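This report goes through a single protein model, from one loop residue to the sheets and the nonpolar core.

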Amino acid sequence: AAIGDYINLSLNKDPEPGIKNVKIKIHNTSKDDLNIAVIEIKYFDKDGKFIQGETLQTGKINAGKTATLKIPSSKNAARISYKASLISGDQVYLMGR
């Protein structure tokens with residue numbers, strides 16, 4: 001099993017420079033309740049150079065439910081990438097690559 005078998009990630013909008021008012025949705029597509037999901041955000045400038053990283057963490061996400069987290073803005077960032085690095089529940093513990 002992989003993290004992608006348990007959750008789907010999506011943004012509420014396309015990030016614009018400054019990354020303002022961007023939220024990430026973590027949808028638990030599995031039959032298992034999750035106690036935590038850890039999301040890694042990477043920020044890049046307009047030339048594609050890595051600027052900084054942020055680690056976001058959810059609380060419990062029950063099976064079939066969605067958690068939403070605000071992505072911190074960054075005035076120098078032009079774009080971001082994101083991935084789940086860990087999910088954990090009573091029945092599952094997976095770390096991303």
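## A serine in the loop after strand 2

S30 sits in the loop that links strand 2 to strand 3 (36-44). The model is a predicted one. With a relative accessibility of 11%, S30 falls under the 20% limit and therefore counts as buried.

A polar atom of the S30 side chain lies 3.1 Å from the backbone nitrogen of D32. Leaving out residues up to four places away in sequence, S30 touches D5, Y6, A63 and G64.

## The three-stranded sheet

Three strands form an open sheet in the order 1-2-5, and the pairing is antiparallel. Strand 1 and strand 5 are the edge strands; each has a single partner strand, so one side of each has no neighbour in the sheet. On average, neighbouring strands of this sheet are turned by 20° against each other, direction ignored.

Strand 1 (residues 7-11) and strand 2 run antiparallel and are joined by five bridges. Within this pair, N8 stands opposite H27 of strand 2. Five bridges also connect strand 2 with strand 5 (residues 66-70), again in the antiparallel sense. Here K25 is opposite T68 of strand 5.

## Two faces of strand 2

In a regular strand, side chains alternate between the two faces of the sheet. Strand 2 (residues 23-28) shows this alternation. I24, I26 and N28 point to one face and are buried. K23, K25 and H27 point to the other face and are not buried.

## S10 on strand 1

S10 belongs to strand 1. Its relative accessibility is 32%, which lies between the limits of 20% and 50%, so S10 counts as partly exposed. The C-alpha atoms of S10 and I24 are 5.7 Å apart, although the two residues are separated by 14 residues in sequence.

Not counting residues up to four places away in sequence, S10 touches K23, I24, K25 and Y82. Among these, I24 is on the buried face of strand 2, while K23 and K25 point to the other face.

## The four-stranded sheet

A further open sheet has four strands in the order 4-3-6-7, with antiparallel pairing. Its edges are strand 4 (50-57) and strand 7 (93-95); each has a single partner strand, so one side of each is left without a neighbour in the sheet. From one strand to the next, the twist averages 25°.

Strand 6 (residues 79-88) and strand 7 run antiparallel and are joined by three bridges. I87 has L94 in strand 7 as its bridge partner.

## The nonpolar core

Which residues touch the most other members of the largest nonpolar core? They are I7, I26, I71 and I87, in a core of 23 residues. Strand 2, strand 3, strand 5 and strand 6 are the elements that give two or more residues to this core. Strand 3 provides the largest share, four residues.

I26 points to the buried face of strand 2. Apart from neighbours within four places in sequence, I26 is in contact with I7, N8, L9, A37, I39, T58, I61, K65, T66, A67 and L69. One of these contacts, I7, is also among the four core residues that touch the most other members. I87, another of those four, is the residue that has L94 as its bridge partner in strand 7.

Technical notes: Residues numbered from 1 in each chain as written. Predicted model: local features only at pLDDT ≥ 70, side-chain atom pairs only at ≥ 80, totals over all residues. Heavy atoms only, no water. Pairing = 2+ DSSP bridges. Axes fitted to C-alpha atoms, helices over the stretch in contact; angles between N-to-C directions. Buried < 20%, exposed > 50% of the residue type's maximum accessible area, 1.4 Å probe, protein only. Polar contact = N/O pair within 3.5 Å; in protein donor to acceptor, adjacent residues only side chain to side chain. Contact = heavy atoms within 4.5 Å. Core = buried A, V, L, I, M, F, W, Y, C linked by side-chain atoms within 4.5 Å.
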